[in-house]
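Trainee: I am new to this structure and would like a close look at a single part of it. Could you pick one strand and walk me through its surroundings?

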Amino acid sequence: METQEAVSEGPGPHRHFICASFNQDTTSLSVGTKTGYRLFSVTAVDKLDCIHEGVECPDVYIVERLFSSSLVVVVSLSMPRRMNVYHFKKGTEICNYSYSNNILSVKLNRQRLVVCLEESIYIHNIRDMKLLKTLLNTPVNPTGLCALSVNHGNSYLAYPGSATIGEITVYDANNLSTVTLIQAHDSPLAALTFNASGTKLASASEKGTVIRVFSVPEGQKLFEFRRGMKRYVSISSLSFSADAQFLCASSNTETVHIFKLEQHSPSQEEESPTWSAYVGKMFTAASTYLPTHVSDMMHQDRAFATVRLNMFGLKNICALATIQKLPRLLVASSEGYLYVYNVDPQDGGECVLVQKHRLFESGEEQEEEKEEENQEDGPQQPAGQSYAATVALPSTPPSSTTLMGYSEDGGAQRGEVIPEHEFAEGPICLDDENEFPPVSNQSN
């Protein structure tokens with residue numbers, strides 16, 4: 001599942017990249033850097049191949065790749081209102097699009113491309129980039145929080161329905177209509193993600209103690225997991241496994257949690273009359289006499305598996321993937337490393353680190369630190385400032401000439417971004433070099 005999060009936390013030795021995201025099927029990792037962006041293949045445990053390095057623009061804070069195709073969307077701090085769409089293997093720009101305010105996030109599947117600003121959302125048809133719908137005056141969303149189902153058959157879009165409570169608006173980006181409103185949390189939302197089929201939606205609030213999973217499109221609560229009780233945390237990413245049997249969550253703490261989505265049937269408890277099952281029944285019975293918030297805590301499942309990172313306070317993103325036929329947990333950290341862990345799908349417990357990949361060469365790290373030392377007397381981004389606050393810096397709106405390659409109705413003038421066979425019902429095997437996407441180079 002796709003996961004995107006800004007992971008930079010200001011100047012210092014750990015600021016090796018600005019943002020990171022896994023693609024929709026967790027086969028590649030994209031990172032935005034001060035010099036451009038990089039795409040890595042994550043289909044093997046022992047090696048991490050950099051398949052492309054883009055230098056078209058510096059200070060990339062959003063980079064999204066469409067599955068394993070050559071289509072990549074990039075937004076730079078130098079022009080935070082403009083979205084660039086590239087065919088990176090041909091080295092061509094398919095198109096670019098400018099907006100009234102700074103872009104905070106971009107989500108895409110094979111049917112739709114969604115651009116989220118602080119108070120509006122734009123929905124494009126990804127085949128020709130025509131603007132289909134603009135959702136204006138959405139609740140203030142300073143981090144650009146939203147999630148798009150990677151299943152283009154439904155293209156559900158989730159975004160905050162309120163700036164003060166954890167309400168989720170679920171929108172059908174195919175039919176362009178609101179599906180349902182989910183009262184998910186008491187506090188404002190911090191994280192959202194769909195499973196691969198778009199039938200489940202996970203959420204966490206700013207408190208970060210409880211993670212809930214809802215059915216889509218009905219909006220019914222299916223699972224409730226407790227991440228912890230001792231402290232509030234900032235959830236930086238949520239991600240389902242491909243089969244939606246597991247859900248992982250990372251935060252600004254040293255622990256990554258993996259939850260197992262399984263229903264506990266009464267018959268199973270009766271078949272195993274253990275001491276823990278007996279105590280569990282007693283707690284369940286007693287919970288009917290306790291205050292609601294205490295009763296809710298007693299019914300929440302705890303983590304099935306965990307990872308203890310050797311860092312604290314650094315932002316990271318996590319994803320569950322099947323690599324070389326085994327379940328793995330991937331963690332990309334702002335210190336500039338990708339960690340690969342083995343996950344025991346039967347017994348859970350503490351996950352085992354099997355590989356640690358450096359995303360940048362040591363020489364680059366030293367050069368970056370030297371640049372930061374030389375800039376100590378100059379203007380700096382305040383430590384700990386979020387990327388949403390960073391891109392909210394004053395910016396001169398791009399002129400109309402930046403809408404290169406677009407007709408008056410907002411559609412691309414040349415070619416299709418996505419070919420027809422991408423919408424076939426069966427499994428699709430793309431010859432990426434020759435077939436995707438069939439666009440011609442633009443020239444003015």
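**A strand and its two partners**

Mentor: Let's start with one pair of residues: Tyr337 stands opposite Arg358 in strand β30. Please keep in mind that this is a predicted model. Tyr337 belongs to strand β28, which covers residues 337-342, and β28 is the part we will look at.

First, a little background. The chain has 6 helices and 30 strands, and 55% of its 444 residues count as buried. Among contacts between residues at least 6 apart in sequence, 48% join residues at least 24 apart.

Now to the strand itself. Is β28 mostly buried or exposed? Of its 6 residues, 5 are buried, so the rest of the structure largely encloses this strand. The cut-off behind that word is a relative accessible area under 20%.

Which strands pair with β28? One partner is β30, residues 352-358, joined to β28 by 6 bridges and running antiparallel to it. This is where the pair we began with sits, with Tyr337 across from Arg358. Another partner is β27, residues 326-333, which also pairs with β28 in the antiparallel sense, over 6 bridges. Here you can find Val331, whose bridge partner in β28 is Tyr339.

If you follow the chain from β27 to β28, you pass through a hairpin with 3 residues between the strands. Look for Gly336 in this hairpin, where the glycine takes a positive phi near 100°.

With β28 in place, you can step away from it and look at some charged pairs elsewhere. The structure holds 5 salt bridges. In one of them, Glu53 joins Arg38, and their closest N and O atoms are 3.3 Å apart. This pair links distant parts of the chain, with Glu53 in strand β5 (residues 49-54) and Arg38 in strand β4 (residues 37-41), 15 residues apart. Glu53 is partly exposed, at a relative accessible area of 40%, whereas Arg38 is buried, at 10%.

Another salt bridge connects Arg308 with Glu254, and here the closest N and O atoms are 4.0 Å apart. Arg308 lies in strand β25 (residues 305-308) and Glu254 in the loop between β23 and β24, 54 residues apart. Arg308 is exposed, with a relative accessible area of 52%, while Glu254 counts as partly exposed at 21%.

To return to our strand, picture β28 largely enclosed by the rest of the structure, paired antiparallel with β27 and antiparallel with β30.

Methods. Residues are numbered from 1 along each chain as its sequence is written. This is a predicted model: local features need pLDDT of at least 70, side-chain atom pairs count only at pLDDT 80 or more; totals for chains, interfaces and linings use all residues. Side-chain values use heavy atoms; hydrogens and water are left out. Helices (H or I, at least four residues) and strands (E, at least two) are DSSP runs, numbered from the N terminus. Buried means under 20% relative accessible area, exposed over 50%, partly exposed in between (1.4 Å probe, protein chains only). Contact means heavy atoms within 4.5 Å. Two strands pair if DSSP finds at least two bridges between them. A salt bridge is a side-chain nitrogen of Lys or Arg within 4 Å of a carboxyl oxygen of Asp or Glu.
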